[in-house]
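Here is a short report on one protein model. Please look at the fold before reading on.

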Amino acid sequence: MAKKVHYSPEVKWDAVNMKLTGRSTVEVMTVLGIKSKTQIKRWMSWYRNGETHRFQQPVGKQYTYKKGIEELSEIECLRLRIKQLEMHNEILGKLNGILGKQQRSNS
């Protein structure tokens, strides 16, 4: 039976960040050593749905039926929220830079 692979929250955030900056799924898999395209798609889905707290969940832990998230302390929840907002700010900054370059080149 195959052993389940667990990726750290940092790897999950790196994968999401790479995808949001336009990198291909295969490239993300190669750079980060991820074995499944489906895994990256799942993390992106969690990110888009605002479920980034799930990046912290251990293998086999369910959040679907309100299990698990209550186990996080208030400080851990706030740290996760800060990480999510930092990622949003970073992406918005990159997007503003790209749009600014496009506007300057069109002028």
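The text below covers the overall fold, one helix pair and a few residues of helix H4.

**Fold.** This is a predicted model. The protein holds four helices and zero strands. Read from the N terminus, its elements run α-α-α-α. The chain has 107 residues, and 29% of them count as buried.

**Helix pair.** Helix H1 covers residues 9–20. Its axis and that of H4 come within 11 Å. The two axes cross at roughly 20°. Angles under 35 degrees count as roughly parallel, so H1 and H4 are roughly parallel to each other. Their crossing is right-handed.

**Residues of H4.** Helix H4 spans residues 74–106 and includes Leu95. His88 has its place in H4 too. The table lists the accessibility of these residues.

| Residue | Relative accessible area | Class |
|---|---|---|
| Leu95 | 41% | partly exposed |
| His88 | 31% | partly exposed |

Why does Leu95 count as partly exposed? Buried means under 20% relative accessible area and exposed means over 50%. Leu95 has 41%, so it is partly exposed. The reasoning for His88 runs alike: its relative accessibility is 31%, so His88 counts as partly exposed.

**Surface patch.** Which residues make the nonpolar surface patch? Leu92, Leu95 and Leu99 do, and the patch has an area of about 250 Å².

**A contact in space.** His88 and Asn17 lie 71 residues apart along the chain. Their C-alpha atoms are separated by 9.6 Å.

How values were computed:
Residues numbered from 1 in each chain as written. Predicted model: local features only at pLDDT ≥ 70, side-chain atom pairs only at ≥ 80, totals over all residues. Heavy atoms only, no water. Patch = residues over 30% accessible without salt bridge, like charges linked within 9 Å, V, L, I, M, F, W, Y side chains within 5 Å. Areas by Shrake-Rupley, 256 points an atom, 1.4 Å probe, with all protein chains shown as cover. Salt bridge = Lys/Arg side-chain N within 4 Å of Asp/Glu carboxyl O. Helix = DSSP H or I, 4+ residues; strand = E, 2+ residues; numbered from the N terminus. Buried < 20%, exposed > 50% of the residue type's maximum accessible area, 1.4 Å probe, protein only. Axes fitted to C-alpha atoms, helices over the stretch in contact; angles between N-to-C directions. Parallel < 35°, antiparallel > 145°, perpendicular 65-115°, else oblique. Left-handed = near helix turned anticlockwise from the far one by under 90°.
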